[in-house]
Structures are given as C-alpha cells and as structure tokens.
Amino acid sequence: MSDRWFMKTFLLSIGLALVGLAGLDTPAPTYDQPYRPQYHFSPRKNWTNDPNGLVYFAGEYHLFFQYNPFGDEWGHMSWGHSVSQDLLHWHELPVALPEQNGIMIFTGSTVVDQGNTSGFCSRGKPCLVAVYTGHTPANGARRALQTQNLAYSNDKGRTWAKYAGNPVLNLNLPDFRDPKVFWSEQSKRWVMLVSLPDDHKVRIYGSPNLRNWEQLSEFGPAGATGGQWECPELFEMQVNGTSDTRWVLKVGLNPGGLQGGSGEQYFVGRFDGRRFVNDNPPALTLWTDYGKDCYCALTFNGLPRGQAPIMIGWMNNWQYAAAIPTSPWRGQMTFPRRLSLRSTPDGIRLFQQPTDSLQHLREPPVNLTDQSVDQLNRNLSSAAFGKTRTFELRSTFPLGAAQEVGWKILAHDGSSTIVGYDTQARQLFVDRTHSGVVGFHRDFPVRTAAPLSLSGKLLRLDILVDRCSVEVFADAGRIAMTNLVFPMAGEQKIEFYSKGGQPGPISVELSEVRSIYSQKGANSF
Ligand code: FRU
C-alpha cells in the first residue's frame with residue numbers, strides 16, 4: 001500500500017465523514033413532501049383543524065388555527081399562528097395561545113378593538129382581542145366544561161395576554177363553544193354567536209366592551225340537525241352587488257354533513273343587531289360546500305368596509321382526519337374564497353370563488369379553444385404538462401349530446417380523480433374512489449355529488465389542484481366541492497372524457513401554479 005494511496009483514502013474518508021455529518025445536520029426539505037400543499041396553508045409540522053380568529057389588521061392577514069404543538073393527532077389544543085400580506089405566502093409564528101392549566105384553547109374569533117371598548121388597548125391605539133372557548137376536559141366524575149374567554153395583544157398579534165377575569169361567559173355546560181364575534185353597526189355593540197351543539201341552536205349575545213355579555217336571541221333548530229352544531233358564523237353581504245343586503249348564518253354540522261361526517265349549512269336572512277330571521281322555511285337546508293372536506297370555515301374580521309367576505313375552511317373531515325397519510329403535518333386549509341350572494345331561480349344563494357391573489361402564482365396558461373375531445377386530449381398530452389400536481393384548470397363547454405362529461409385528473413396507471421357532470425341526473429360530481437391511496441379509512445373512497453341544473457346547457461368548471469386536494473367551483477362558483485385526494489406517485493395526466501355522446505366545443509385555460517415556497521417572501525422561520 002503506497003503512502004500516497006493511504007493519504008488519498010484517508011482524506012477521502014474524512015471528507016465523506018464530514019459530508020455525512022453535514023448531511024445529518026441538513027433538515028429534510030420542510031415543504032416538499034409528496035403530499036405537501038404548495039399554495040395552500042399547512043403548518044410546518046403537527047396537527048391542525050379549524051381556522052380560528054381570522055382577522056385583517058395593520059396590513060396583515062392573521063390565520064390562527066386549532067393546533068397541537070406536540071404531535072400530529074388532535075390534543076393539547078392551542079392557537080397556532082400564521083401571518084400573510086397577500087393571502088398566499090404564510091409566515092408561521094410561535095403558538096399564540098397555548099393550552100394552560102389543563103384548559104385547551106378551542107375555536108373562536110379575533111376582533112380589532114378600534115375604540116378600546118375593552119380597556120385592553122394601550123397607548124390609545126387599536127388592539128387585537130381574541131375570543132375563544134376554554135375547554136376543560138372531563139375528569140373522573142367531573143364533566144367537561146366549555147366557557148368563553150378573552151386574550152389580547154398590543155403588538156400586532158406577536159404576544160398575547162389572557163384576560164385575568166376569564167371566563168367572560170360561563171353557563172356551566174360541557175358543550176357551549178366556538179364564539180364568533182363582530183362589531184354590529186346596527187346596534188353599536190359587539191355581537192357574539194356561540195353554539196349549543198346538541199340543541200342545534202346558536203345563541204346570540206351582545207356586549208359594549210367584550211367583557212360583559214347579555215343574551216339577545218337564539219336561532220335554531222333549523223335545516224340539518226343530524227349531528228352537533230359547531231363553528232357558527234354570521235356576516236352581511238350585498239345581493240347581486242347592489243345595496244340590497246342579506247345576512248348569512250353558517251353553521252358546521254358533525255356528523256350529519258351532506259356527504260357524511262363533517263359538513264356545513266347556511267341560512268339566508270335578516271339581522272337587526274339582535275335577532276337573525278331566516279328568509280326561508282326552517283326545513284330548507286342549504287349546503288356551503290358539496291365535497292367532504294371543507295369544515296368550520298371562517299371569514300376575516302377587519303376587512304376594509306364594503307369588501308366582500310373572504311373565507312377559509314379546514315380542508316378535512318372528522319371521519320378520517322386522524323388517518324390521512326401526511327407527515328410531519330396533518331391538516332391544511334382551503335384556498336381563501338371570496339363570497340358573493342346572488343339571486344338564482346331557486347332564491348338567493350351563496351357563491352364562492354378563489355380570491356384573485358391566485359393570479360400572482362399562475363404560470364402563463366396553456367389556452368386551447370373550441371376543441372373536440374380528441375383534439376383536446378392530443379394537445380394536452382403534448383403540452384408537456386403531465387408532471388405537475390399543482391395547477392388551475394378552467395374549462396367551459398356546452399354539454400351537447402354527452403350523457404356524462406368531464407375531467408380525469410391526477411391520473412396515473414389506472415387511477416384518477418374524476419370531476420364530471422351527469423346530464424341525466426343533473427349532477428356535478430367528484431369521484432375519488434380510484435384516486436390513488438384511499439384505503440386508510442373506509443369513509444374516504446367516495447363520490448360526492450351536487451344538484452346542478454344548467455339553464456344554458458353550458459358548463460363552466462374551475463378546478464384547483466394542489467398535490468392532495470381538488471377544489472371545484474362550478475357555474476361561476478354556484479357550487480363549491482372540496483375533496484382531498486392522495487394520488488399515486490409518478491407522472492400525472494389530465495384527460496377530458498365524455499360518455500354517451502359528444503359535448504360541444506371545449507375551451508380550456510390550464511395554468512401551473514407556482515409553489516409559495518420557491519419564491520422570495522415564502523414561509524420562513
Ligand atoms: C370543530 C371543533 C370545534 C372545537 C374544535 C376543537 O372542528 O370540534 O367545535 O372548538 O374543533 O378542536
């Protein structure tokens with residue numbers, strides 16, 4: 001063995017050892033796991049469920065979220081915290097409100113106290129006040145207790161103090177939760193909605209200062225009552241963009257949602273600052289989303305006056321939330337949606353569209369107009385678009401003679417997610433029974449459907465795909481359908497299909513959506 005050879009080998013092994021050590025120190029890519037959403041919010045690690053305390057303040061959108069700081073299953077519920085200036089790039093901050101003294105921090109809302117009505121704001125400046133449910137779990141003979149509580153921040157949400165006089169509302173009940181608070185211009189006071197889950201009721205309270213609350217009214221039971229009512233919401237909206245307004249009262253339902261497990265319904269009516277009056281017969285049930293995976297959606301407080309509400313939901317379902325195959329995080333949010341109320345032949349209905357902020361992430365689109373099915377599929381397969389799993393697909397087509405028509409997306413080796421329309425049943429549907437990994441829970445492989453009559457027989461489908469989610473907005477947002485999917489690894493195809501006849505000429509705009517993590521300003525810690 002020559003000395004030179006020995007020296008070379010020695011140096012090489014030291015080099016390799018150093019590289020190895022460095023390798024050990026190099027964390028795995030934080031946001032590039034196969035199912036990691038690339039333009040939807042997900043926490044860096046651990047469990048999340050409902051969005052909480054959505055508020056716009058001093059140029060920042062705050063997204064708090066039900067969070068377990070210690071693991072990827074539900075527990076130790078606290079408020080995680082993220083901020084964004086554009087509703088796209090989220091900067092995750094330390095936990096805002098941790099579990100303390102055995103009291104978990106359940107869902108709630110945050111308001112901007114402009115006039116220091118609470119007395120919590122310092123230096124004459126507006127402050128943030130969070131209103132949340134404190135949940136003390138049952139212990140032996142002692143049953144659980146849920147009460148409403150306050151915390152406040154004078155530094156743009158960076159640090160929080162819990163109010164020493166908590167709780168501010170206590171009915172000594174084990175189920176009494178999810179306060180949604182907003183400032184009522186009508187009655188010039190704070191209004192809080194809280195759910196009485198098993199009674200299928202929403203209690204409405206009023207307060208001049210966020211500390212002392214008096215009951216104003218109650219709403220429910222009405223609509224669907226198959227499970228517990230949770231996460232109530234109430235907001236005013238213009239009808240058809242005019243000065244005529246209505247109030248939307250939304251409430252989560254678990255179980256008992258339309259597609260099984262968690263789902264959300266809404267009521268359209270009037271609110272005078274005290275009482276919500278439903279415009280429709282109590283038995284009429286209107287669903288906000290027809291998929292399985294949009295729950296406890298919340299709108300932002302503090303948006304500039306006159307701006308349409310922006311809503312974010314938890315993209316999951318309690319049936320299988322603990323079993324979804326993602327790691328080291330579990331749970332993610334929907335893309336933010338701009339809401340509108342529009343008159344339809346059936347009455348006034350809620351419409352949803354992804355917020356315009358998406359345009360900042362769109363790559364230049366592939367535009368294909370007036371195509372036959374064959375032409376379109378040939379063009380799509382040669383568009384070298386196959387590999388992306390993060391895209392927006394907008395298409396419009398007359399139904400023509402087709403009996404069933406639509407898209408097979410995230411297709412790989414026999415598996416795909418189908419977004420289709422059944423012209424006989426007049427139903428929009430998403431079929432994920434053969435979408436890839438579906439066996440982790442028996443309630444996962446399903447087909448979700450929504451009634452959709454098309455007067456002009458022209459279907460417009462806008463689909464957002466982000467690695468493990470498919471959000472469909474049909475007919476300009478009249479139907480929203482949100483579903484998780486866990487496709488097989490490898491190249492993914494997009495294909496148009498029709499059965500029983502040909503549709504009319506198809507027009508498509510297909511844009512890859514850039515990752516929020518690959519740009520300046522992306523999440524950083
Ligand atoms: C809804 C919910 C809320 C509760 C929270 C607890 O998903 O059950 O009612 O506040 O989750 O994490």
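The following paragraphs describe the ligand shell, the cysteines, the nonpolar cores and the surroundings of one tyrosine in a predicted model.

The ligand is surrounded by 13 residues, of which Asp50, Gln66, Arg177, Asp178 and Trp318 are the closest. Several elements of secondary structure contribute to this shell, and at least two residues each are supplied by strand 1 (46-57), strand 5 (104-113), strand 10 (177-184) and strand 19. Polar side-chain atoms approach oxygen atoms of the ligand in the case of Gln66, at a distance of 2.6 Å, of Asp50, at 2.7 Å, and of Trp74, at 3.0 Å. Taken on its own, the ligand has 320 Å² of accessible area, and the protein covers 95% of it.

A search of the whole structure for disulfides returns two, and when the bonded cysteines of the protein chain are numbered in sequence order, the pairing reads 1-2, 3-4. One disulfide is formed between Cys121 and Cys127, with a distance of 2.1 Å from S to S. The torsion about the S-S bond of Cys121 and Cys127 is -60°, and the link is left-handed; both of these cysteines are buried. The other disulfide joins Cys231 to Cys296, with an S to S distance of 2.0 Å, and because the torsion about its S-S bond is about 80°, this disulfide is right-handed. The pair Cys231 and Cys296 links distant parts of the chain, given that Cys231 belongs to strand 14 (residues 228-238) and Cys296 to strand 19 (residues 295-299), with their positions 65 residues apart in the numbering. Cys231 and Cys296 are likewise buried.

Two further cysteines call for comment. Cys294 takes part in no disulfide, and the nearest cysteine sulfur, which belongs to Cys296, lies 9.5 Å away. Cys294 has a relative accessibility of 5% and therefore counts as buried, the cut-off for this class being under 20%. For Cys468, the closest cysteine sulfur is that of Cys294 at 14 Å, which is too far for a bond, because a disulfide requires sulfur atoms within 2.5 Å. Cys468 is also buried, and its relative accessible area is 0%.

With respect to nonpolar packing, the largest core comprises 55 residues, and Trp407 and Ile409 are those with the most contacts inside it. Another core, of 19 residues, lies apart from it and includes Phe120, Val129, Val168 and Tyr205.

The surroundings of Tyr266 were examined in the same model. Tyr266 is located in strand 16, which spans residues 263-271, and its relative accessible area of 3% places it among buried residues. When residues up to four places away in sequence are left aside, Tyr266 touches Val248, Leu249 and Lys250, then Leu286, Trp287 and Thr288, and finally Arg349 and Leu350. With Leu350 there is also a polar approach, in which the side chain of Tyr266 reaches the backbone nitrogen of Leu350 at 3.0 Å. By contrast, Phe429, which is 163 residues from Tyr266 along the chain, has its C-alpha atom separated from that of Tyr266 by 21 Å.

Conventions: Residues are numbered from 1 along each chain as its sequence is written. This is a predicted model: local features need pLDDT of at least 70, side-chain atom pairs count only at pLDDT 80 or more; totals for chains, interfaces and linings use all residues. Side-chain values use heavy atoms; hydrogens and water are left out. Helices (H or I, at least four residues) and strands (E, at least two) are DSSP runs, numbered from the N terminus. Buried means under 20% relative accessible area, exposed over 50%, partly exposed in between (1.4 Å probe, protein chains only). Contact means heavy atoms within 4.5 Å. A polar contact is a pair of N or O atoms within 3.5 Å; within protein, one must be able to donate a hydrogen and the other to accept it, and residues adjacent in sequence count only if both atoms are side-chain atoms. A nonpolar core is a set of buried Ala, Val, Leu, Ile, Met, Phe, Trp, Tyr and Cys residues joined through side-chain atoms within 4.5 Å. A residue is near a molecule or strand if one of its heavy atoms lies within 4 Å of it. Accessible areas come from the Shrake-Rupley method with a 1.4 Å probe; for residues, only the protein chains shown count as cover.
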